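Open the model in your viewer and have the selection panel ready. This tour goes through the enclosed empty spaces, one stop at a time.

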Amino acid sequence: MKSYDIVIVGGGPAGLAAAVSARESGIESILILERDNELGGILNQCIHNGFGLHTFKEELTGPEYAYRFIEKVYELGIEYKLHTMVMDISHDKIVTAMNRTDGMFQIQAGAVILAMGCRERPRGALNIPGYRPAGIYSAGTAQRLVNIEGYMPGHEVVILGSGDIGLIMARRMTLEGATVKVVAELMPYSGGLKRNIVQCLDDFGIPLKLSHTVVDIEGRERVKAVTIARVENGKPVPGTEERYTCDTLLLSCGLIPENELSRSAGVEMSPITNGPVVNESLETNIPGVFACGNVLHVHDLVDYVSEEARKAGANAARYIKDGCKDAEAGQVIEIAATDGARYTVPSTINLDRMEDLLTVRFRVGAVYQNAFVSVYFDDERVQHRKKKIMAPGEMEQVILQKKKLAEHDGLKKITIKIEAE
Amino acid sequence: MEKRNLTCIGCPMGCQITVEFEGEEILSVKGNTCAIGDKYARNEVLHPERTVTSTVYISGGKLPRVPCKTASNIPKDKIFECMKVINHAAVKAPVKIGDVLVEDVAGTGVNVVATRNVEAV
């Protein structure tokens, strides 16, 4: 069996940044396994701009952002295999994969970095009534058809869900000559970034209907019309139906981390993020198995994916060089999210292994205006920061100082919550 | 006097800004909570600009389309004219990031450039 120090599952933004960082931390033997025919992941089809403002201080398109990292992988001579599907990761880090050249093969990994990304929630998971004709696509599928393959999925479009991909596709389809009639959003707020609502919908006069959902799809062969209705208390309100003739329905209704491999490896999962539970080193409950990017929790900006993945890569490198240090040894502090904060990544901190500064990322469960992000060390409030606005569509963060944690004798639990005052 | 309501995109706040203007002269900016909003509102009312991203037909390459962008912002009212030119353009592989695919698109003085490498096959 071949062996590598670090095997990275996925060659998208997370996998690439993790690989570069692990190499820069001194690990020679690294292998990236990617199932697509090229590196870069979903960024290759995100041809719009707005990426990289934090990482590179300039506004790049998705392919340009990806290429900055791909170029680095080439320069550093990091090994990768394309067209390669990972089938299994065992508890003792034997990675089973297959492709057309090598067939089925196994690799003993010293450490594994999970960077598989996420997938769109499909129609089957949405319980939309109506027929099942052609013309219903997830927004990301439509994005691939238009931007990579050069096909138009339709001409008259209704979009369900106001996630960023849906908003971006509303603009993209409009630019290519389609008519986007409406974007319906089940929630009373958009799940997308404000700039995308302005630049993708308002610029083209596309209406956004909040608290609306699809209640009927017509058409046996091809979509003929879609009916939407207002939603109150989770139920469509009779009499508020509006029918739109169209040939295409795009779905942008959330992203789900793709963790089949993690689960079968025995990685402990969070029911809230649908991603692995990790400690301060972005390490799962299996020593030497790390996670980063959208497989860990769905991010709003790729810049934060890259930042997180660099940490995972450096931590995996440290694990290889220093050997397995028991994550349970030493003082372990739990991080809890309550009162409007939905989850945190990471969810535990081993004080011995913590770096001087640790970024804890989380999301809120509703829209908050002029509320406070508070951090408690056990029962004592140690951070209290006012935010003008917080929304579920955007990630929040707090930064913890190791020095402060160490000063607080016998600290057991850190709580992050949203407070009105 | 004209009046325009805008949503600021300077940050996630999304302030609702009302701008009053006459011709090229801004009379008032209201509703913003910081200087970014003021600047955004003034530009947006008088000279709104956008970067356009799309794809161009490419022959002899590993991909059927090469993604592209306008090298800088163009006036907002030129977006569809720009798209028309982009949709009629055709280039030959290989193409590298930054290569000019269309010069001076729609009389804006701005080039359309490739945003990824496409190797020839």
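A cavity here is a set of grid points where a 1.4 Å probe fits but cannot get out, and its volume is the space filled by probe spheres set on those points. The model is predicted. It holds three cavities of 30 Å³ or more.

Begin with the largest cavity, which has a volume of about 210 Å³. Select Glu280(A), Leu282(A), Lys311(A), Leu358(A) and Thr359(A): of the 17 lining residues, these are the closest to the cavity centre. Next, colour helix H7 (302–322) and strand S24 (357–364) of chain A, the elements that give two or more residues to this lining. H7(A) gives the most, with five residues. Now colour the lining by class: eight residues are charged, six are nonpolar and three are polar.

Move on to the second largest cavity, with a volume of about 50 Å³. Which residues line the second largest cavity? From chain A, select Gln45(A), Ile47(A), His48(A), Gln143(A), Asn147(A), Ile168(A), Arg171(A), Arg172(A) and Leu175(A); then add Thr53(B) from chain B.

Show helix H3 (139–149) and helix H4 (164–175) of chain A, each of which supplies at least two residues of the lining of the second largest cavity. H4(A) gives the most, with four residues. Colouring by class again, you should find five polar, three nonpolar and two charged residues around the second largest cavity.

Conventions. Residues numbered from 1 in each chain as written. Chains lettered and ligands numbered in written order. Predicted model: local features only at pLDDT ≥ 70, side-chain atom pairs only at ≥ 80, totals over all residues. Heavy atoms only, no water. 1 Å grid on protein atoms, 1.4 Å probe; cavity = no way out; pocket = protein on both sides within 12 Å on 5 of 7 lines; lining within 4 Å. Nonpolar A, V, L, I, M, F, W, Y, C, P; charged D, E, K, R; others polar.
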